[in-house]
Amino acid sequence: MTSFTDRTVFITGATSGFGAAAARRFAAAGARLVICGRRAGRLEALTAELGPAPIRALTLDVRDRAAVFEAIAALPSPFDAIDVLVNNAGLALGLEPAHQANLEDWDKMVDTNIKGLMYCTRAVLPGMVTRNHGHIINLGSIAGSHPYPGGNAYGGTKAFVKQFSLNLRADLYGSKVRVTNIEPGLCETEFSVVRFHGDAERAAQVYEGTTPLTADDIAECIFWSAALPAHVNINSIEVMPVAQTFAGARVYKEC
């Protein structure tokens, strides 16, 4: 397994969920961390928790292209030589059918899940290619492969992440830069609270009576894919809790 001592791991959306769990997992392995998110207070708390690990915390909204490029370009040595980029920042908003969906929610999902991921990747990738070493780990979703009612734009953004990851692998032919897409299923984090615009009671109903995945489960998938020997590329990991499986195609008899 790869040693993370003297390796730099950049994690977006590190203020909660998969991002915070991944930061803890890589810190435990001795990695140098660059953690970013929009909530400065949470970044400060996570930095204090993980100390004395070497950490740079960036209050950053990945939707802001100029800010992303400026922040990454300004990283001091040795934090500027990023070995692993975990593109975790993302969200789902709403569960209404497409004809009733809020267009502002759609815009925010596209701007974060697609554009933010592209900006971070484009800012970091040239350095990886120059050094002929690195790993892009994208956080997709089973929603990128398996549709469900109300998943419309969210599923579309995660389908983009899936295809973008595969195309990165094609573009990186001949280099030693790796690309992995992690595709979680039902996982209990702040995901549903955000989707339902802060309605914690409705969010709790999503997981009621189940044993969902945890953020630590996904962090372990992220870490494992990065820790494998440098000649091994995990293209994708689709992971669901045992409680979740594939639904049959629905048939509405009146149509």
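**Close-up views of salt bridges and nonpolar cores**

R24 has a relative accessible area of 36%, which makes this residue partly exposed. The views below all come from a predicted model.

**View 1. R24 and E49 form a salt bridge.** The closest N and O atoms of the pair lie 2.6 Å apart. E49 belongs to helix 2 and R24 to helix 1, so the contact links distant parts of the chain, 25 residues apart. E49 is partly exposed as well, at 45% relative accessibility. The cut-offs place a residue in this class because its value falls between 20% and 50%.

**View 2. R25 pairs with E220.** Their side chains meet in a salt bridge, with 2.9 Å from N to O. R25 sits in helix 1 and E220 in helix 8, so the bridge ties together parts that are 195 residues apart in sequence. R25 is partly exposed, with a relative accessibility of 26%. E220 falls in the partly exposed class too, at 37%.

**View 3. D61 and R63 meet through their side chains.** This salt bridge spans 2.7 Å, N to O. R63 is partly exposed at 31% relative accessibility. D61 has a relative accessible area of 22% and also counts as partly exposed.

**View 4. R39, R42 and E190 make up one network.** Salt bridges with shared partners join these residues. Across the whole structure, a search finds 8 salt bridges.

**View 5. The largest nonpolar core holds 38 residues.** Its members that touch the most others are F4, V9, I11, F26, L33, I218 and I222. Several helices and strands each supply at least two residues of this core. Among them are helix 1 (17-28), helix 2 (40-50) and helix 8 (215-227). The strands include strand 1 (8-11), strand 2 (32-37), strand 4 (84-87), strand 5 (134-139) and strand 7 (236-239). Helix 8 gives the most, with 8 residues. In soluble globular proteins, nonpolar side chains tend to be buried together.

**View 6. I222 and its contacts.** Leaving aside residues up to four places away in sequence, I222 touches A22, F26, V86, I137, L139 and I182. I222 and F26 are both among the core members that touch the most others.

**View 7. A second core is separate from the largest one.** This core has 28 residues. C36, V68, C120 and A123 are included in it.

How values were computed. Residues numbered from 1 in each chain as written. Predicted model: local features only at pLDDT ≥ 70, side-chain atom pairs only at ≥ 80, totals over all residues. Heavy atoms only, no water. Core = buried A, V, L, I, M, F, W, Y, C linked by side-chain atoms within 4.5 Å. Buried < 20%, exposed > 50% of the residue type's maximum accessible area, 1.4 Å probe, protein only. Helix = DSSP H or I, 4+ residues; strand = E, 2+ residues; numbered from the N terminus. Contact = heavy atoms within 4.5 Å. Salt bridge = Lys/Arg side-chain N within 4 Å of Asp/Glu carboxyl O.
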